[in-house]
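Work through the exercises below with the sequence and the 3D view at hand. Each begins with a task and continues with a solution in steps.

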Amino acid sequence: MKYCHECGTALIDKELEHEGIVPYCPNCQDYRFPMYNVAVSMIIINEENQKILLVKQYGKDYFRLVAGYVNRTETLEHAAVRELKEETGMTAERIEFNRTRFFEPSNTLMCNFTVFVKDDHELNPNYEIDSCEWFSFDDARNNIDPKILAGIFLNAYLDGVQ
């Protein structure tokens, strides 16, 4: 962060007791701690057939997990349920928190959940999804890049890593 998010003034480094060097706005006369984005991603499991939904988005030719940013004042759980409904049309039966990981390219803390849906009768993808497909657990693992964050989350879940 190079500029104050309140007034736009260039920040300077300034010592803050017990915190060390922290960006400081000389105009507002206030410390500006680094900010980052928060998003949720979901491993969506169809309880009826025990399959995982993977999606393709933004013209990319690879599968990923449904994901979206958390709105201000929104809980992580609400964001996961909302994003599921917005992007797929489906209703969450229950959700379970898995893990978090910081994603440097977008300065985002990704918070991963498993979201269980009853079946696929509500599936109605919105404009954000180019295509989607249900996979068995093994096929989901084989159809997602293990090096991308979605693949890391999915493989950790499938491997039972907590």
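## Exercise 1: A loop residue and its surroundings

Ile144 sits in the loop between α2 (137–142) and α3. Bear in mind throughout that the model is a predicted one.

Task: Decide whether Ile144 is buried or exposed, and find which residues it touches.

Solution. Begin with accessibility: the relative accessible area of Ile144 is 4%, and because buried means under 20%, Ile144 counts as buried. Next, look for its contacts, leaving aside residues up to four places away in sequence; Ile144 then touches Leu54, Phe63, Arg64, Ala150, Gly151 and Leu154. Finally, take a distance: Ile144 and Asn155 are separated by 11 residues in sequence, and their C-alpha atoms are 9.1 Å apart in space.

## Exercise 2: The helix that follows

Task: Work out how many residues of α3 are buried, and name elements that cover them.

Solution. Start by going along α3 (149–158) and marking the buried residues, which are Leu149, Ala150, Gly151, Phe153, Leu154, Asn155, Ala156 and Leu158. These make 8 of the 10 residues of α3, so the helix is largely enclosed by the rest of the structure. Then ask what lies over them: the covering elements include β4, β5, β7 (94–103), β8 and α2. To finish, move past the end of the helix, where α3 is followed by Gly160, a residue with a positive phi near 75 degrees.

## Exercise 3: Checking the length of a helix

Task: Test whether the span of α1 (residues 76–88) agrees with its number of residues, and find which strands its buried residues pack against.

Solution. The helix α1 has 13 residues, and the expected span is 1.5 Å times one less than that number, which gives 18 Å. The C-alpha atoms at the two ends of α1 are 18 Å apart, so the expected span and the model agree. Turning to burial, Ala79, Ala80, Arg82, Glu83, Leu84, Glu87 and Thr88 are the buried residues in α1. The buried residues of α1 pack against β4 (37–46), β5 (51–57), β6 (66–69), β8 (108–117) and β9 (129–135). Just after α1 comes Gly89, with a positive phi near 80 degrees.

## Exercise 4: A sheet of three strands

Task: Establish the strand order in the open sheet of 3 strands, and describe how β1 is joined to β2.

Solution. The order in this open sheet is β1-β2-β3, and the pairing is antiparallel. Its edge strands are β1 (12–16) and β3 (30–31), each of which pairs on one side only. Between β1 and β2 (residues 20–25) there are 5 bridges, and these two strands run antiparallel; within this pairing, Ile12 has Tyr24 in β2 as its bridge partner. The two strands also form a hairpin with 3 residues between them, and His18 in the turn has a positive phi of about 70 degrees.

## Exercise 5: Positive phi outside glycine

Task: Locate Gln50 and Asn107, and say what phi each has.

Solution. As background, most residues other than glycine have a negative phi. Gln50, in the loop between β4 and β5, has a positive phi of about 55 degrees although it is not a glycine. Asn107, in the loop between β7 and β8, likewise is not a glycine and has a positive phi of about 55 degrees. As for accessibility, Gln50 is partly exposed at 44%, and Asn107 is partly exposed at 32%.

## Exercise 6: The largest pocket

Task: Find how many residues line the largest pocket, and which elements give two or more residues to its lining.

Solution. The largest pocket holds about 510 Å³ of space. Its lining consists of 22 residues, and those nearest its centre are Tyr58, Arg64, Ala67, Phe103 and Met110. The elements that give two or more residues to this lining are β4, β6, α1, β8 and α3.

Conventions:
Residues numbered from 1 in each chain as written. Predicted model: local features only at pLDDT ≥ 70, side-chain atom pairs only at ≥ 80, totals over all residues. Heavy atoms only, no water. Pairing = 2+ DSSP bridges. Helix = DSSP H or I, 4+ residues; strand = E, 2+ residues; numbered from the N terminus. Buried < 20%, exposed > 50% of the residue type's maximum accessible area, 1.4 Å probe, protein only. Contact = heavy atoms within 4.5 Å. 1 Å grid on protein atoms, 1.4 Å probe; cavity = no way out; pocket = protein on both sides within 12 Å on 5 of 7 lines; lining within 4 Å. Points joined across faces, edges and corners; volume = space filled by probe spheres on them.
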